[in-house]
Amino acid sequence: MKLSVPGRVTATAVVATVSLLAGGSIAGAAPAGQPAVAAAPDIPVANVKAHLTQLQSIATANGGNRAHGRAGYKASLDYVKAKLDAAGFTTTVQQFTSSGRTGYNLIADWPGGDTNQVVMSGSHLDSVTAGAGINDNGSGSAAVLETALAVSRAGYQPTKHLRFAWWGAEELGMVGSRSYVNSLSTASRSRISGYLNFDMIGSPNPGYFVYDDDPAIEKTFKAYYAGLGVPTEIETEGDGRSDHAPFKNAGVPVGGLFSGADYVKTAAQAAKWGGTSGLAFDRCYHSSCDTTSNINDTALDRNSDAVAYAVWELSQ
């Protein structure tokens, strides 16, 4: 996630009101009386963690990071692309330039579905130069990758078209995702029914935050967590600071999940989520200690399953 902008206030009180909202730009579930076409699979957290181990190894072999314009970033992209190519996705690498260095986005389309209704899920793949970026944002990248691979394993054929993306240079100001959005025609943008963003979803002292941008996407994520009996809060720490922002600014409905960065967990949040009050959600945010040791397995597991739940629900 891009560097913090101070002064934002949590919006816990809004959760109960917003959770009552229905409708919006994406239908979150099958109409009453009609069974869902398919149920989302469980995403094995061991598989997600295996991807994180690979990203850590890539960083270790390439100067300790996976930052924009560095060898570690390109190796990370090559790892993800190879997995997707083998699983039957159509992959495209988009190049851009930022800070005098070449950057790359990876776009993966699952064959089939109505291309006039695209459900897109994405995460930034780059780290800061200070470290390996395993929570920020290996966690989101690995969960999106494993969800895409689950689509392939299931032979899933939804009504809508599925597209997945891994963005470069988010840490420099959402450069890669903005480049992608700007490259789309007005018609192409209008075909994206929704963009789901996953940036930091395995924080070691986690919270469970849901974006409140599009009511129907928000409702979908809240339904998943309600089924687990896990309370959520509206996500405010990352407002405008991750790759959903260029999509939102272009008029695309957006939503997503977040487990917290350098904001401090309150006593009330610790009471409902566990963890330690008075400490940051991620004390290793943008630091060298953001390694595979900087992941909460329960948060990673729940959020990875939530990614798949939303992809399945919103694409039928």
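## Strand β4 and its partners

How many bridges join strand β3 to β4, and do the two run parallel or antiparallel? In this predicted model, eight bridges link β3, which covers residues 114–124, to β4, and the pair runs parallel. One place to look is S121, whose bridge partner in β4 is F164. Between these two strands the chain passes through α4, and the resulting β-α-β crossover from β3 to β4 is right-handed.

Strand β4 also pairs with β2, residues 101–109. Here four bridges are found and the strands run antiparallel. If you would like a residue to start from, L106 has W166 as its bridge partner in β4. As for solvent, β4 is mostly covered, with eight of its eight residues buried. In a regular strand, side chains alternate between the two faces of the sheet.

## A cis peptide bond in helix α4

The crossover helix is worth a second visit. Helix α4 spans residues 134–154, and N137 lies within it. The peptide bond leading from D136 to N137 is cis, with omega near 5°. Most peptide bonds are trans, and most residues other than glycine have a negative phi.

## Two positive phi values in loops

That second tendency brings us to a pair of loop residues. A169 has a phi near 55°, a positive value although the residue is not glycine. You will find A169 in the loop between β4 (160–167) and α5 (175–183). Its relative accessible area is 0%, so A169 counts as buried, the cut-off being under 20%.

M200 is the other residue to inspect. Its phi is near 70°, again positive in a residue other than glycine. M200 sits in the loop between β5 (192–198) and β6 (209–210). Is M200 buried or exposed? Because its relative accessibility is 0%, M200 counts as buried.

## Helix α10 from end to end

Finally, let us turn to helix α10, made up of the 19 residues 297–315. How far apart should its ends be? At 1.5 Å a residue, α10 should span 27 Å, and its end C-alpha atoms are indeed 27 Å apart, so the expected and modelled spans agree.

The N-terminal end of α10 is capped by N296. A side-chain oxygen of N296 lies 3.1 Å from the backbone nitrogen of T298. Helix α10 is also mostly covered: 14 of its 19 residues are buried.

Key
Residues numbered from 1 in each chain as written. Predicted model: local features only at pLDDT ≥ 70, side-chain atom pairs only at ≥ 80, totals over all residues. Heavy atoms only, no water. Expected span 1.5 Å × (residues − 1). Buried < 20%, exposed > 50% of the residue type's maximum accessible area, 1.4 Å probe, protein only. Polar contact = N/O pair within 3.5 Å; in protein donor to acceptor, adjacent residues only side chain to side chain. Pairing = 2+ DSSP bridges. Right-handed = clockwise from strand over helix to strand, strands pointing away.
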